[in-house]
Structures are given as C-alpha cells and as structure tokens.
Amino acid sequence: MMDPEMPSWQKAAQAKRQAILDAIPQQWRIQHVSPPLDVTGEFIQGFLTSREIEITEADAVAITAQTTSGNWSAVEVTEAFCHRAAIAHQLVNCLHEIFFEDALRVAKELDEHLAATGKPKGPLHGLPVSLKDQFHVKGVDTTMGYVGWIGTYQGKKDDPRHRVAESELVRELRNLGAVLFCKTSVPVTLMAGETANHIIGYTWNPKNRNLSSGGSSGGEGALIALRGSPAGFGTDIGGSVRIPASFNGIFGLRPSAGRMPYEGAANSIDGQNTILSVIGPLATSIGALKLVFKAVLSQEPWQYDPLSLPLPWREDIENLTKRLFTDKKGAASQLSFGILRHDGLVEPQPSVKVAIDFMERILRDLGHQVIEWDTGLCREGKEIASKTYDMDGGADLLSHIALSGEAEIPQCSVEPGKHLNASEVAALNVQKREYQKKYMDYWNSTSKLTTTGRPVDAVICPTAPHAAVIPGKYRHTGYTTFVNTLDYTSLVFPICRADKHLRSMTQRSEFLSELDRKIYEEYDAEIYHGGPIGLQLIGRRLEEEKIFTIAEYLCEQVKLYTGQEDLANPSIDL
C-alpha cells in the first residue's frame, strides 16, 4: 500500500522495485530467512537442487562445452541460472530487470536449432549472459538507476525507441548463441564506486554483507560472485569493471577503447570524448573472461560500430607472449613486472599491502624480475580524469536526476560546478596526450633495468586502497582512474580476502595526504574481515592478448603456489 503523501518519484521507484520482485516466480521467493554475512557457497546452494548446483558452479568454458555438444540443454542451463539469479537478487539487491520467460523462449529455440542442424548457433550457444543496465534489450526498460528513466527511452517520454532498441553488443551476443536473461544494478549517475539507487536500494557484497559490491558495475559483480550468472558485461570509465571484480572476488577486464562495441548503449555524460567509457567482461574464471571477449571480437564489431577498431583476436601476440615464459633454457623464460605499491596519494590498507607482497613473493620464487614502479606518475592521471568527469559542471547527471525530482544519494552526489569552455577542453586534451607520452617514455625506459632487455612486461598494483569497502567510505579512485586516462589494458584477478588478524600492521604516523589519513582512520579490521581483494595486471594500450596470456599463466601459478583450485573463492593464509 503506497502512502498517498509519498512524492511521485518515490511512488514510481517503489512500483518499479515491486515489478522487479513480481517478475520472480512465486516458487523462487525467499520466505522468513535471516541470511548470514556471507551468502555465497553453501548458503545460496541451500535453495537449489543438486543439478542446479552442478550447472551454476561451472564456469562459462565448462558450460559451453556441454551446451554446444548437446550434453546439457540450453533450457535446463538457463532455468538453473534464472533460479540462482532470483535468489541472488533477494539476498543483495543486484537486478534491475528480469526477463526469464523470454530467456527460456530463446533457450528453447537454441535447443531446437541444435536438434535440427546438429550444430550450435555459435561459441556461446546456450550460455546465460547478464548485462549491466546500460544495454538496451528489446521489450525491457533501461533505467540506469534513474527514476526519471522508468518507462522512457533514456529519459525521453514517448520515444519510439523505448523497449524496441537493442545495443550492438546485445545483437552480437544473440548471434553467438548467448541467452540474455537479466540486467544488473548500477549507481544512479554511474559515477560512483558503490551501487545505490532509489529503485532497488543498495547492492550489498555477497561475501560480506556489511560491505559494498563496488560500482558502477556492482550488480554484475555481486550476481557473478553468487554464481547467478557465469559471465556478463559492464562498463568502465574510472574503474567500474575493475572495482566490482576486485570487491566480489571475480575476474574483470578493462580493455582499451575500441576493442568492444559501445554502439547503442546508454551512458552518463555521453558525448564526452576525452576519456571514453569502455565495455568489459566479468566472469568467474580467467578462461570464461577470455571466451566471451574472443567471441565478441569474432563478430567483427568494427563493421557495425564506428568507434570499434578493426582488431580481431591476435593469436600471434598470444603465442609470442606464451614463448616468453615457456622457454626454460635462458632469459627468455623470465618476465619482468613493475610493482606499484601505492599511487602517491593513498597507501593501501593492511590486507591489500599483504596481497601485493604475496604476489611479489610468488613472482620472485618463479624466477621473474620485480621492479619498483614509479608512484609519482599516478597523481596527474587521476587529476586529468577528475577534470574530465566534471567538465560540464555536473549538468548531464543533474539533468537526469531532475527528470523525476528524486533526492540525491550520498554515494552518488553531484555538486554543480564550472563548465569548461572549448579552449579549456582542448587544453585538457593536450594535457592528457602529454601525460600519455610521459608514461610511455617511462615504461620504455625500464628496458635499461630489466635482465631481459625488454621494457617491463606488465605492472601489478592494487585496485583500491581497501578490500570491498564499508558503505559510504569509497573515497579514492586513484588506483584505477589513471589507467583510464592512459587507456591501458587492465585485468583484475582475485588473490585473497581481508584478514582481521593483521591489526599489528595498522600503526602509521606519516601520511601521503589528508585523504590518506582519513582512509587509514576509517579502517576497521573486524568489519573488513573476509572482504575480497583483487589485484590489477596492467599492460599498455591495446595489449589485451598479452595481458590475458600473462594473467592465465599467473593464475595457474597462484593456484599451484597456494593449493587453491578456485581463485574466485580464495582462502589464502596471509
């Protein structure tokens, strides 16, 4: 029953929230359950059959091996993930749109196609894929968390594209045989490291529900961590794929601009071209991440998206990279890594520091070279990014909030500011280009320091100064935004979880900045305990094949080193 005195925007948000719940079949509703802090693993499995557990615990590589061969039906796989996604949403608020019935219809058609032709529709035949709520899907709203976008096309009422338009990525995924079944939650405005909006509330971290799932692809991160989806796609303009990947203990890729098709997707501050938002996959394994990335490239998106680059998957680079660490006879077997311990503004909290040290120890034990990376280059990259996000004085974000008159959310607040004029935007673009050149020259100069004679192969650094963050405490994006300014490739992989027993490492008397002091003072070992931590593996621009290959190698070595078969559920003794 709605309060008649309730503002109209609250009524609209409440009605949409209820519509999402109503889309969940009655038999999948959770009744009278008090969830623990960690709702992954055995807890969520308790709502599923053994067969559903078998299916949903498999990664996308294993699933497609079964669905493309006909061993598992697309309908059975789709229904299992729809069920698990429905449970996931009721536990952590991770879905904006549910279209399970349409997904099952598509899955049935795929099964019929395989039966009639003996061939799968594509490499993703029968694979359920989730999407961040920026992608248009026919028959489904795209709200991006804005109350004023409900029932409209990107806030435009009576626009004929509403519930008809589809994003280019959606078209390609359908061609590949993927089954689209839900869209995931985002923070209103997208420009936030936590996910909250007035439609579904706050998206919690499934591995510690005292903490955030991150943002802005927070719903994707939470859903995939709960195995409610084997793979999905988010976007990243300042860390929005990498932060949720790190916070939820899964894998995520921020490719360089132009590798994935953005055509037809909704966005905030659309038309700002100084730093482009990019689409990147998230998944439960490195193999799954690579599978969906390669599959999209096989569709030649550059034929349909004017900003996509004509770069198919380059096996020659993949093979060349493999040879760097498979030749056991000499220096060619050695890789060199830069280790960025902090970004010059904020030092990481204890568990993140230990994660970096842990990774460094593995690299050294494997015989690879480790070089201390210059922390002084991050600050300018972050400053350029901050100016870019604010160049219109917040006008775009505020205009979408104003459509409904909804109140601002603390994690997503926007302060009106100064508009940059054309000359100021041009100057910012020059500054960015000069920064990119400066960073390129520095990276090249490391060839003088490595025993291989090559520049450093990749850089390892934190994704954030903390594990999955305490709600309302995400204050610093410096570890991710400088990568966006550079347009570098960055892949996040899970490494460990925060440990409250590291209190002895918390004593500090000197700080890099006042923000560093504030984040240090907000550290609470008890609350952070169990929060996932992921590290970034950073390559240079358009080095996706190289970074995928190195990441695959490193993840296998970490598994061998720790005895952990599943890095997405680490229990490493720090």
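This is a short tour of a predicted model, stop by stop.

**Stop 1: the sheet**

Show the strands first. Eleven of them make an open sheet with mixed pairing. Follow the order across: E1-E3-E2-E6-E8-E7-E12-E13-E11-E9-E10. Strands in a sheet pair through backbone hydrogen bonds, either parallel or antiparallel.

Now select 95-98 and 369-372. These are strands E1 and E10, at the edges of the sheet. Each has a single partner strand, so one side of each is left without a neighbour in the sheet. Turn the view and follow the twist, which averages 30 degrees from one strand to the next.

**Stop 2: one strand pair**

Select 251-254 and 278-283. These are E7 and E8, which run antiparallel and are joined by two bridges. Which residue of E8 stands opposite phenylalanine 251? Look for alanine 283.

**Stop 3: a helix on the sheet**

Select 478-486. This is helix H16, and it packs on the sheet. Helix H16 touches strands E6, E7, E11, E12 and E13. Compare its direction with that of E13 (532-538): the angle is about 25 degrees.

**Stop 4: aromatic rings**

Select Trp373, Tyr435, Tyr439, Tyr442, Trp443, Phe482 and Tyr488. Together they form one aromatic cluster. With ring centres within 6.5 Å as the cut-off, the count comes to 19 aromatic pairs.

Next, select arginine 171 and tyrosine 304. The arginine lies over the face of the tyrosine, at 4.1 Å from the ring centre.

**Stop 5: the largest pocket**

Switch on a surface. The largest pocket has a volume of about 890 Å³. How many residues line the largest pocket? The lining holds 37. Select Met191, Ala192, Tyr389, Asp390 and Ser413, which lie nearest the centre. Then colour helix H13 (residues 378-389). Helix H13 gives the most to this lining, with four residues.

**Stop 6: two backbone details**

Select glycine 215 and serine 216. The peptide bond from the glycine to the serine is cis, with omega near 5 degrees. Serine 216 sits in the loop between strand E5 (201-202) and helix H8 (218-225).

Finish at threonine 189. Its phi is positive, about 85 degrees, although threonine 189 is not a glycine. Look for threonine 189 in the loop between strand E3 (179-184) and strand E4 (196-197).

Technical notes
Residues numbered from 1 in each chain as written. Predicted model: local features only at pLDDT ≥ 70, side-chain atom pairs only at ≥ 80, totals over all residues. Heavy atoms only, no water. Pairing = 2+ DSSP bridges. Axes fitted to C-alpha atoms, helices over the stretch in contact; angles between N-to-C directions. Contact = heavy atoms within 4.5 Å. Phe/Tyr/Trp six-rings, centres within 6.5 Å; stacked < 30°, edge-to-face > 60°. Lys NZ or Arg CZ within 6 Å of the ring centre and 35° of its normal. 1 Å grid on protein atoms, 1.4 Å probe; cavity = no way out; pocket = protein on both sides within 12 Å on 5 of 7 lines; lining within 4 Å. Points joined across faces, edges and corners; volume = space filled by probe spheres on them.
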